[in-house]
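Here are a few exercises to work through with the model open on your screen. Try each task before you read its solution.

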Amino acid sequence: MSAPLSPEIRRDPGQRAVFCGLTGIVWLHRKIEDAFFLVVGSRTCAHLIQSAAGVMIFAEPRFATAVLGERDLAGMADANEELDRVVQRLLERRPDIRLLFLVGSCPSEVIKLDLSKAAGRLSRLHAGRTRVLAYSGSGIETTFTEGEDACLASIVPECPSAPAYSAPSLIVAGALADVVEDQFARLFASLDIPVYFLPARRAALETPIGPGTRVLLAQPFLNATARALEERGATIISAPMPLGAEGTQLWFAAAAEAFGVSAERLDSATALPRARARKAVEALRSELAGRRVAFFPDSQLEIPLARFLKRELGMIPTEIGTPYCNRRLLARDLDLLDEDAVSEGCDVDRQLDRVRASRPDLTVCGLGLANPLEAEGLTTRWSIELVFSPIQGFEQAGDLAALFTRPQRRRDRLAL
Ligand code: SF4
C-alpha cells in the first residue's frame, strides 16, 4: 500500500474513558464456535465479562475467568501450576473445545504472568486435541476493539502456509455478524473470488496464508492483525471500510481490481443490493442531513462512520475523536472524509468542554459519557452498539443509518 495523503490529524493526548480489550470476547465467543476464552484476571475482569456478555441460560458458556487470588497476586503461589490445573479441569469437562484462548488482563500483566509461554506449554500438553493461544485484553493503554485485534493477530502465525503457486485468494479480516459474512461470501462467489474469513466460524487455525493472499479489512482497528498477515507474505488491499452503499461498493471494487474482475461485472453483481442500500439510506437522509455530529474516541470506527454520515446522509462532523488512527489502513476513508476535524487521543475533559460549547445535534460516545450528556440535553448514540450490531454491507446500510436517527426520535417522543 502506498503512503496515504490525508488531512491533518490533531493529537490531544490525555485521559480517555473506554472499556478494555476483554470486551471483544462478547462478540468473539459467539463468532468462533469451537473456541473458548479463558480470562486470567481478577474478580473485576470476571464481573466485566459476565455483565457485558450476559448469562447464557440454555447453552454452556464459551468464556470464563480464572480468578487470580491474593496469593497469586502477592507472588506466593505458582500461578502457572494453578493455570495448568484449571485448563485440565476445563478440557475434561468440555471436550468440544478445539481452540482455547488464554486472555491476559491488567492483573496478569502486573504480576508478569507469561501467558504466551503458558499457551505453548498447554498446547504441547493437549496436542492433537486442543490448541492453546494467548493474547492480551488488558485495559492498560488500550481501547476495547484492540482485544479483537490481538485475538486475530494471535491466530495468524498458527495458520498453515498457502501452497506455493496456488491461485491467489482473499481473506476478509475482522469479525462480522454471520448474516453479513454470508452476504459477502455470496457476492465474492458471484465474482469468482475465493474468500476466507478471519476469524473463521470453526477451525479458525486452518485458513491458508501466503504470498498469494490478498487481505480486505472489514474492521478499521486491525493494526496488529494486518502486520501479522503481512509478515506471512500477504498483501493488504487499500479500501474504505464496507459501511454504507458507497463504502461497500468501493470495498468490493478494490477486491475486484486486485483479482482482475472487470468493473462491468462488479457493477452487475452489486447493482441490486447497491440500489436497495441507496434507497434505504435515502429514506432516512432528511432526518439527518444538515445535523451536526461529534465523536468521542472509543471504538476506532469513528472515521469510517463519519465518512458515511457525511457523504451519504449529509451530516456535518464537528469533531471526530478516535483513540488511534492508522493512516495507512484508513487512507481511503480519510481521503473520502476529507475533513480536518479528526483528532487522535483526545483528553476527555477538554473534549467535553468543546462538546458542551458546540452542542452538536448528535454525540457518539461511550456508555459512561452518554447518560451525563443526555442529562445535559444532548442527544447521544452509544458507540459500542455500533460494534455489536451488523452494520457492514449493502443490506445493512439502512440499519446503520437508522442507528443514528433513533436517538433523536427517542428524544422527540420524550418531549411530547
Ligand atoms: S483487564 Fe483491566 S481494565 Fe479490564 S476488567 Fe480486568 S482489571 Fe479492569
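Before starting, one definition: axes are lines fitted to C-alpha atoms, for helices over the stretch in contact, and angles run from 0 to 180 degrees between N-to-C directions. Please keep in mind that this is a predicted model.

**Exercise 1. Two helices**

Task: Work out how helix 10 and helix 12 are placed relative to each other, and which residues meet.

Solution:
- Step 1. Find helix 10 at residues 244–258 and helix 12 at residues 302–313; their axes come within 8 Å and cross at roughly 120 degrees.
- Step 2. Classify the angle. Angles of 65 to 115 degrees count as roughly perpendicular and those over 145 as roughly antiparallel. The crossing therefore makes helix 10 oblique to helix 12.
- Step 3. List the partners. Helix 10 brings G244, A245, E246 and G247, which meet P304, R307, F308, R311 and E312 of helix 12.
- Step 4. Sort the residues of this contact by type: three are nonpolar, two polar and four charged.

**Exercise 2. The sheet and its helices**

Task: Describe the open sheet of six strands, then find what packs on it.

Solution:
- Step 1. Read the strand order, which is 1-12-11-10-13-14, with parallel pairing.
- Step 2. Locate the edges. Strand 1 (10–11) and strand 14 (380–382) are the edge strands, each pairing on one side only.
- Step 3. Look at one pair in detail. Strand 11 (residues 316–322) and strand 12 (residues 342–344) run parallel and are joined by three bridges. Here G321 stands opposite S343 of strand 12.
- Step 4. Add helix 12, which packs on the sheet and touches strand 10 (292–295), strand 11 and strand 12. The direction of helix 12 makes about 170 degrees with that of strand 11.
- Step 5. Add helix 14 (residues 348–358), which also packs on the sheet, touching strand 10, strand 11 and strand 13 (362–365). For helix 14, too, the angle with the direction of strand 11 is about 170 degrees.

**Exercise 3. Around the ligand**

Task: Which residues are closest to the ligand, and which helix gives the most to its shell?

Solution:
- Step 1. The ligand is surrounded by 13 residues, with C20, C45, S105, C106 and G139 the closest.
- Step 2. Helix 2 (43–53) and helix 5 (106–110) each supply at least two residues of the shell. Helix 2 gives the most, with three residues.
- Step 3. By type, the shell holds six nonpolar residues, seven polar and no charged.

**Exercise 4. Domains**

Task: How is the protein divided, and how far apart are the domain centres?

Solution:
- Step 1. Domain 1 covers 21–142 and domain 2 covers 273–415.
- Step 2. Their C-alpha centres lie 34 Å apart.

Note on methods:
Residues numbered from 1 in each chain as written. Predicted model: local features only at pLDDT ≥ 70, side-chain atom pairs only at ≥ 80, totals over all residues. Near = placed C-beta within 6 Å. Helix = DSSP H or I, 4+ residues; strand = E, 2+ residues; numbered from the N terminus. Nonpolar A, V, L, I, M, F, W, Y, C, P; charged D, E, K, R; others polar. Domains from an automatic or database assignment. Parallel < 35°, antiparallel > 145°, perpendicular 65-115°, else oblique. Contact = placed C-beta atoms within 7 Å. Pairing = 2+ DSSP bridges.
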